[in-house]
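User: Could you walk me through this model and show me the reasoning behind the terms you use?
Analyst: Gladly! Here it is.

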Amino acid sequence: MKNNTLSTAVERPVFDGQHPIESGNYHIITKEILDLYGVINKWIKNRLPGGIVYGRPRLGKTRAIEYMRYYLKEEYGKEFPIFSILCSQHKPSENRFYTDMLREVGHGFYSQGKAEVKKERLINFFIEEAEKSNQGKIVLFIDEAHMLFEQDYNWLIDIYNQLDRKKINMTVILVGQEELKHQRSSFIVSKKNQIIGRFMVQEYKFSGIKSLQEMKICLDGYDFSSEYPADSGWSFTRYFFPEAYDNGYRLTNDAEVIFNSFQNLRLENNIKSEFEIPMQYFTLSINNCLSTYGANGKNVYWPSKMNWEQVIQDSGYLESEIYNI
């Protein structure tokens, strides 16, 4: 396989460092995201009040929420009310709870008034949004939900009940780290049935890349479905390795080399935990390979096995496995 530096004759669009690979602003479909979409869509269709999605850090859960919001709107319509709340470390406070909720859903008046006024404003906002879509549903994603306290859940229950009285179904998707699963177990032991019954009956464990086939699905996105600009014919792989791409080279064909490089790094460092590649380290590795060795960087014909090993090592994957972060 060639690996010497070449000057390509293929004309490419020029983006001045603004290509999605360089900005990091893009989505790649994974088997896990497709599976999760099917599960959450089923929860919504069945008008379930909620469920939990949990997994270790950096698996791509937050990016998955963005994907869910986009494609749920495609399926249910642009007016379908879907909101994403990012939870942060806090002390339970009713006033702060409603302030944060109003701000996160994009309400212009999130800070005025006392807690009761903000609560009424939020509920009225949800009712108006549900009426616009004419479907009687609200979907609320809460990211980093393992940071919620029992009091926060009680305020969520109040919102749910108020909407239910208006014949509006709210589905709350709690997304967080594995502490969310432990929190659920704690609520079961302490018989907090009002919380479990509304928001935690359903559960889904979100995973990273575990198999060669799953990796091929991700790499296929770079090879084919990731065109930039849209419908231009310039997939991410083609843009960074145009000559090799035109000669039939694809990242998918290197899947085994990349997969084995991750596995070998674990073996060399005696890492015995369950094999799983968080999407953050996978995409960092791909990004670094394309930008470092592609046409905007060292302009090699095609990345070598050594190149792949280097970008994976530079991604921080090894440290994440050693320190379980």
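**Tyr222 and its surroundings**

Analyst: This is a predicted model. Beyond its neighbours within four places in sequence, Tyr222 is in contact with Ile21, Tyr26, Ile28, Ser235, Phe236, Thr237, Leu251, Phe282, Thr283, Ile286 and Asn287.

User: What makes these residues contacts of Tyr222?
Analyst: Contact calls for heavy atoms within 4.5 Å, and Phe282 and Ile286 are among the residues that Tyr222 reaches in this way.

User: Which residues have the most contacts inside the largest nonpolar core?
Analyst: That core has 39 residues, and Met215, Tyr222, Phe282, Ile286 and Leu290 have the most contacts inside it. Helices H9 (212-225), H10 (236-240), H12 (255-268), H13 (279-293), H14 (305-314) and H15 (317-323) each supply at least two of its residues. H13 gives the largest share, seven residues. A second, separate core of 38 residues includes Tyr153, Ile159, Phe187 and Ile196.

User: Why are Glu214 and Asp223 of H9 called buried?
Analyst: Buried means under 20% relative accessible area, so a residue is judged by that value. Glu214 and Asp223 are buried, as are Met215, Cys218, Leu219, Gly221 and Tyr222 of H9. The buried residues of H9 pack against H1 (20-23), H2 (31-45), H10, H11 (242-246), H12 and H13.

User: How do you know that the span of H9 is close to the expected one?
Analyst: The expected span is 1.5 Å times one less than the number of residues. For the 14 residues of H9 that gives 20 Å, and the helix reaches 19 Å from its first C-alpha to its last, so the two are close.

Note on methods: Residues are numbered from 1 along each chain as its sequence is written. This is a predicted model: local features need pLDDT of at least 70, side-chain atom pairs count only at pLDDT 80 or more; totals for chains, interfaces and linings use all residues. Side-chain values use heavy atoms; hydrogens and water are left out. A nonpolar core is a set of buried Ala, Val, Leu, Ile, Met, Phe, Trp, Tyr and Cys residues joined through side-chain atoms within 4.5 Å. Buried means under 20% relative accessible area, exposed over 50%, partly exposed in between (1.4 Å probe, protein chains only). Helices (H or I, at least four residues) and strands (E, at least two) are DSSP runs, numbered from the N terminus.
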